[in-house]
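Colleague: Please take me on a close look at the charged side chains here, and show me how they sit in the fold around them. I would like the cut-offs too, each one once.

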Amino acid sequence: MLTPEEWVAVYLSLKVAFWATFWSLPFAVLAAWLLARSTFPGKGLFDGVVYLPLVLPKVVVGYILLLTLGARGSIGQYLDAWFGIKLIFTTAGATVAAAVISFPLSVNAIRLALEAVDRGLETAARTLGASRLDVFFSITLPLMLPGILSGALLSLAASLGEFGATITFVSNIEGRTRTIPLAIYSATQLPDGDSMAIRLTVVSVVLALGSLLLASLVDRRIRVMIGRA
């Protein structure tokens with residue numbers, strides 16, 4: 001059984017992962033569309049920036065967030081002065097950190113699904129008089145839906161396991177920013193924290209593995225449904 005402190009960490013992790021996925025998914029769809037279907041100056045640079053969080057040390061990503069969105073950051077100071085939005089040391093800040101780290105995974109899944117869409121079907125629909133919007137909602141979106149759902153679940157799994165950027169950007173505050181990974185780290189610093197660390201590790205493995213299995217299952221089911229249609 002988990003202690004109340006551990007339940008708080010689990011709840012906070014699920015909350016942060018959900019909102020990180022929810023808010024980043026529309027931007028991931030837009031970024032995937034631009035990378036898969038558009039040509040514009042600086043596309044290579046844009047591509048690199050989108051995937052940069054995958055290769056940068058997570059602590060570096062957190063430090064960049066601190067420099068830009070912190071209380072005295074280039075953007076954060078104006079968010080605070082103009083809108084009263086403070087991200088440092090808050091659950092919202094942890095959500096931002098998780099969203100940034102997981103963003104490339106969802107973009108990649110959606111981009112691959114979009115590139116696999118048969119553009120001949122879209123062209124045929126256009127020749128029959130369908131508008132671009134009709135083509136998108138009736139053909140493109142259903143065919144790329146497996147990628148969107150897989151990307152969302154991968155983003156959820158990555159957000160659940162985020163550590164480096166979170167602790168660097170919003171610190172390790174119980175009830176506000178201490179998600180499961182940070183709670184495990186805190187437990188390992190205690191003389192009698194092994195049992196807590198083990199319990200939370202089991203929970204973390206179960207949640208991450210469940211998300212990955214669900215992503216695979218959803219992808220197969222939707223592809224079967226599209227094939228039958």
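Modeller: Happy to: I will start with the overall frame, go through the salt bridges, and then follow the neighbouring rings and loops.

A word on conventions: this is a predicted model, in which local features need pLDDT of at least 70 and side-chain atom pairs count only at pLDDT 80 or more, while totals for chains, interfaces and linings use all residues. Residues are numbered from 1 along each chain as its sequence is written, and side-chain values use heavy atoms, with hydrogens and water left out.

The protein has 10 helices and 0 strands, where helices (H or I, at least four residues) and strands (E, at least two) are DSSP runs numbered from the N terminus. Read from the N terminus, the order of elements is α-α-α-α-α-α-α-α-α-α. Along the principal axes, the C-alpha atoms fill a box of roughly 70 × 45 × 30 Å. Of its 229 residues, 41% are buried; buried means under 20% relative accessible area, exposed over 50%, and partly exposed in between, with a 1.4 Å probe and protein chains only. The exposed area of the protein is about 12600 Å², with 70% of it supplied by carbon and sulfur atoms; such areas come from the Shrake-Rupley method with a 1.4 Å probe, and for residues only the protein chains shown count as cover. Among contacts with a separation of 6 or more, 71% join residues 24 or more positions apart, a contact being heavy atoms within 4.5 Å.

Now to the charges. Side chains of opposite charge can pair when their charged atoms come close. Here the criterion for a salt bridge is a side-chain nitrogen of Lys or Arg within 4 Å of a carboxyl oxygen of Asp or Glu, and a search of the whole structure finds 7 of them.

One of them joins Glu5 and Arg178, with the closest N and O atoms 3.6 Å apart. Glu5 belongs to helix H1 (residues 4-37) and Arg178 to the loop between helix H8 (164-170) and helix H9 (180-188), so this bridge ties together parts that are 173 residues apart in sequence. Glu5 is partly exposed at 32% relative accessibility, whereas Arg178 is buried at 16%. Glu174 takes part as well: Glu5, Glu174 and Arg178 are linked in a network of salt bridges.

Other bridges stay inside one helix. Glu115 and Arg111 meet at 3.4 Å, N to O. These two are 4 residues apart in helix H5 (residues 91-115), about one helical turn. An α-helix has 3.6 residues a turn, so residues three or four places apart point the same way. Glu115 is partly exposed at 45% relative accessibility, and Arg111 is buried at 16%.

Helix H6 (residues 119-127) holds another such pair, Glu122 and Arg119, 3 residues apart and separated by about one turn. Their closest N and O atoms are 4.0 Å apart. In this pair Glu122 is buried, at 9%, and Arg119 is partly exposed, at 48%. The ends of H6 are worth a look too. Asp118 caps its N-terminal end, with a side-chain oxygen 2.9 Å from the backbone nitrogen of Gly120; a polar contact is a pair of N or O atoms within 3.5 Å, where within protein one must be able to donate a hydrogen and the other to accept it, and residues adjacent in sequence count only if both atoms are side-chain atoms. Just after H6, Gly129 has a positive phi of about 100 degrees.

One more charge meets a ring: the charged end of Arg37 sits over Trp33, 5.2 Å from the ring centre. The rule for this is NZ of Lys or CZ of Arg within 6 Å of the ring centre and within 35 degrees of the ring normal. Trp33 is itself partly exposed, at 29%.

That brings us to aromatic pairs: rings of Phe, Tyr and Trp (its six-membered ring) pair if their centres lie within 6.5 Å, with planes under 30 degrees apart counted as stacked, over 60 as edge-to-face and the rest as tilted. The count is 10 pairs. The rings of Trp33 and Phe136 have centres 5.7 Å apart and planes at 75 degrees, so they are edge-to-face. This pair links helix H1 with helix H7 (residues 132-160), across 103 residues. Phe136 also pairs edge-to-face with Phe137, at 5.2 Å centre to centre and 85 degrees between the planes. Elsewhere, ring pairs join Phe18, Trp19, Phe22 and Trp23 into a cluster.
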